[in-house]
Structure formats: C-alpha cells, structure tokens
Amino acid sequence: MNASYAAIMAGTLCGTGMLMLFRHRTGLGGINILAIFLQENFGLRAGYFQLAVDLAILSVAFLVLAPDRLLLSVLSATVLNLILAINHRPGRYLGVS
C-alpha cells in the first residue's frame, strides 16, 4: 500500500470519528476537550487549534523521526484537523434527541 494514501485515509477516518465525538460535545480527552471549550466559549475553531498543537508536537518529533515518516505524520494530522475545521461549526449539528 502506498504510504501517502495510507496517511490520507488514516487522517480521514480518524477525523470522521473525532467529528462524531465533537458533535456530541465529547472528545478523547486532553487537547480535544480544550479545543471544544475554546470553540464554544471563544469562537476559536477546534480543528485549527488542534492542528496548531499537533504541528507543535510533530516539530519536536523531528528530532527522533525520519523526515519521510514525519511528513506522512504531518499529512495525516493536517487531513484529520481540516475535516474537523471544515465540518464542526456551531449550530450545524446539535446532537439532541
């Protein structure tokens, strides 16, 4: 399997799963909860905030990862967080039954 394709599909599938969680006002913990809080209270988009945090973490990973693997990780994180940034907007889905 092509590594670029795998990184894009992993980001897409993880982003879709996290979008489902975010729409029901829950997350995986840590940065996810902070991202939801910042979006609800300050209007800072959760996907963009999470992308910034992920890129900061991956910039430190530059010290231990091979450059090709690091670029694949950046690609996957970018796809994941763009799915959140584009689709998770206030008022779009309330998750109330």
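Trainee: Which residues does L75 touch, not counting residues up to four places away in sequence?
Mentor: This is a predicted model, in which local features need pLDDT of at least 70 and side-chain atom pairs count only at pLDDT 80 or more, while totals for chains, interfaces and linings use all residues. Residues are numbered from 1 along each chain as its sequence is written, and side-chain values use heavy atoms, with hydrogens and water left out. With contact taken as heavy atoms within 4.5 Å, and with residues up to four places away in sequence not counted, L75 touches S4, A7 and I8.

Trainee: How far apart in space are L75 and A7, C-alpha to C-alpha?
Mentor: L75 is found in helix α4 (a helix being a DSSP run of H or I with at least four residues, numbered from the N terminus). In sequence, L75 and A7 are 68 residues apart. In space, their C-alpha to C-alpha separation is 6.6 Å.

Trainee: Is S76 buried or exposed?
Mentor: S76 also has its place in helix α4. Leaving aside neighbours within four places in sequence, S76 is in contact with A7, A10 and G11. Accessibility is judged with a 1.4 Å probe on protein chains only: under 20% relative accessible area is buried, over 50% is exposed, and in between is partly exposed. L75, at 29%, is partly exposed, whereas S76, at 17% relative accessibility, counts as buried.

Trainee: At what angle do α1 and α4 pack?
Mentor: Two packed helices are described by the angle between their axes and the distance between the axes. Here the axes are lines fitted to C-alpha atoms over the stretch in contact, and angles run from 0 to 180 degrees between N-to-C directions. The axes of α1 and helix α4 (residues 67–87) lie 8 Å apart, and the packing angle is about 35°.

Trainee: How many residues make up the largest nonpolar core?
Mentor: A nonpolar core is a set of buried Ala, Val, Leu, Ile, Met, Phe, Trp, Tyr and Cys residues joined through side-chain atoms within 4.5 Å. Among the members of the largest one are M18, L19, F22, F49 and L84. Two or more residues come from each of α1, α2, α3 (46–61) and α4. The total for this core is 11 residues.

Trainee: Which residues does L19 touch, not counting residues up to four places away in sequence?
Mentor: L19 is one of the residues of the largest nonpolar core. Apart from residues up to four places away in sequence, L19 touches L84, N87 and H88.

Trainee: With which residue does R25 form a salt bridge?
Mentor: A salt bridge is a side-chain nitrogen of Lys or Arg within 4 Å of a carboxyl oxygen of Asp or Glu, and by this rule the count comes to one. R25 lies in the loop between α1 and α2 and its partner in helix α2, so the pair ties together parts that are 15 residues apart in sequence. R25 is exposed at 60%, and its partner is partly exposed at 43%. The closest N and O atoms are 2.8 Å apart, and the partner is E40.

Trainee: What is the phi of R25?
Mentor: R25 lies in the loop between α1 (3–23) and α2 (31–42). This residue is not a glycine, yet its phi is positive, at about 55°.

Trainee: How many helices does the protein have?
Mentor: From the N terminus on, the elements run α-α-α-α. Of the 97 residues of the protein, 31% count as buried. Strands number zero, and the helices number four.
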